[in-house]
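Dear colleague,

I am handing over the structure below, and after it you will find my notes on what was found.

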Amino acid sequence: MEEKYQQAAKVLAQSQGLLICAGAGMGVDSGLPDFRGDEGFWKAYPPLAKLGLSFSEMANPRWFEHDPELAWGFYGHRLMLYRETQPHAGFGRLLDFCKGLPHGCFVFTSNVDGQFQKAGFEPESVYECHGSIHHLQTLDGSGQIWLAKGEQIDLDPERFRARPPLPKAPGGSLARPNILMFGDWYWNSERADIQQLAMQNWFHELREAKAKIAVLEMGAGKSVPTVRLHAEKTARHFEATLIRVNPRQHQVREDIKHISIEKGALEAIEGIFKHFK
Ligand SMILES: NC(=O)c1ccc[n+]([C@@H]2O[C@H](COP(=O)([O-])OP(=O)(O)OC[C@H]3O[C@@H](n4cnc5c(N)ncnc54)[C@H](O)[C@@H]3O)[C@@H](O)[C@H]2O)c1
C-alpha cells in the first residue's frame with residue numbers, strides 16, 4: 001500500500017488541477033452512513049427495514065403526494081444528520097492541497113449532504129449532480145429553489161414520521177428537497193445545471209491551458225455508478241490518472257490509467273499526503 005500512496009502522491013504533485021469525485025463513502029469516516037445495498041440502507045434506517053422499503057423505493061417523490069409525513073421523516077432525518085455532521089480531517093487536507101494548485105480543483109459528487117461546502121470548498125467549484133438536501137423546491141418543480149435553512153423537522157423516532165407542520169413553499173403548498181429521486185420527473189435541475197456549466201467552464205480552462213490534471217475518486221459505489229463513470233470518462237478525456245479510493249469496490253478497468261487504493265477515504269488521504277513535505 002505504501003508504494004501506491006507514494007505513486008498517488010507523485011501523480012498529485014505533478015498535477016496543475018484536481019477533479020475530486022465523491023460518493024457516499026466519502027462521508028463514512030465523518031460518521032455518515034452509505035447506502036450500500038439493501039442491507040447497508042436498512043442498517044442505517046431500521047424503521048424502513050420494518051416497512052420493507054429499499055432505498056430506491058423510499059427515495060421516490062410519490063411519498064410526498066401519498067404519505068408526506070413518511071417522506072419528510074426520511075428526508076428530515078437526513079437533513080438534520082447532515083447539518084450536525086462535521087466533515088472529517090481528509091476534507092481539510094484536500095482543500096489545502098487544492099489551494100496550492102494553479103488551476104485549483106473541482107468537486108463532482110452525487111452526495112446531497114453539502115459536506116464539501118461545509119469543509120470550506122468554494123460553492124462555485126462544486127457540482128452536486130443529484131442536488132442538495134439543503135435546498136427545497138415545490139412538488140411539481142415550478143418556481144424558485146430556496147434554502148432549507150431555518151426548517152426544523154420534528155421527527156417521531158418510533159414511527160419514523162415527521163410531525164406537522166411540514167416544510168412549505170412560499171405559496172403555501174408542500175415543499176420537498178431539491179434532490180433527484182428515483183422515477184423523478186419533477187426535480188428542478190436549475191441549480192445543478194448552473195453547477196454543471198461551471199464544471200464545463202473549468203474543463204475548458206484546463207484544455208486551453210493544456211493543463212495536467214489528476215482525478216481522485218472516493219467512496220463511489222456501483223449501484224448508481226454516476227460518479228464512477230464520470231471519473232473514468234474525465235480521466236480518459238484528459239489522459240489523466242484516476243486514483244480510485246474504496247475499501248471494497250476499488251477495481252478499475254485495465255484500459256484506464258489508474259491507481260487503485262483499497263482503503264477508506266480518510267486513511268487513504270492521510271497515507272497519500274504524508275508523502276508531501
Ligand atoms: N451523503 C449523501 O449525500 C448520500 C448518502 C447515501 C446515498 N446518497 C445517494 O445515494 C446514491 C448512492 O450512491 P453512492 O455510490 O454514493 O453510495 P453507495 O452507498 O452505493 O456506495 C458507497 C461506496 O462507498 C464505499 N465506502 C464505504 N466506506 C468507505 C470509506 N470509509 N471510504 C471510502 N469509501 C467507502 C463502499 O465500498 C461503496 O462502494 C447516490 O445517488 C447518492 O445521491 C447520498
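**Helix α6 and its surroundings**

The buried residues of α6 (a residue is buried if 20 or more other C-beta atoms, placed from the backbone, lie within 10 Å of its own) pack against α4 (55-58), α5 (62-66), β4 (131-138), β6 (154-156), β7 (161-163) and β8 (175-179). Helices (H or I, at least four residues) and strands (E, at least two) are DSSP runs, numbered from the N terminus. This is a predicted model, in which local features need pLDDT of at least 70 and side-chain atom pairs count only at pLDDT 80 or more, while totals for chains, interfaces and linings use all residues. Residues are numbered from 1 along each chain as its sequence is written.

Among the buried residues of α6 are Leu70, Trp72, Phe74, Leu79 and Tyr82. The helix covers residues 68-84, and because its 17 residues at 1.5 Å each (counting one less than their number) should span 24 Å, the 23 Å between its end C-alpha atoms agrees.

Strand β4 also belongs to an open sheet of three strands in the order β5-β4-β8, with antiparallel pairing, where strands pair if DSSP finds at least two bridges between them. The edge strands, β5 (146-147) and β8, each pair on one side only. Between β4 and β5 there are two bridges, and Leu136 has Trp146 in β5 as its bridge partner.

The largest nonpolar core (buried Ala, Val, Leu, Ile, Met, Phe, Trp, Tyr and Cys residues joined through C-beta atoms within 7 Å) has 42 residues, and Ile243 is one of those with the most contacts inside it. A second, separate core of 26 residues includes Leu53, Tyr82, Ala162 and Met181.

Best regards

Notes: Buried ≥ 20, exposed ≤ 12 C-beta atoms within 10 Å, placed from the backbone. Contact = placed C-beta atoms within 7 Å.
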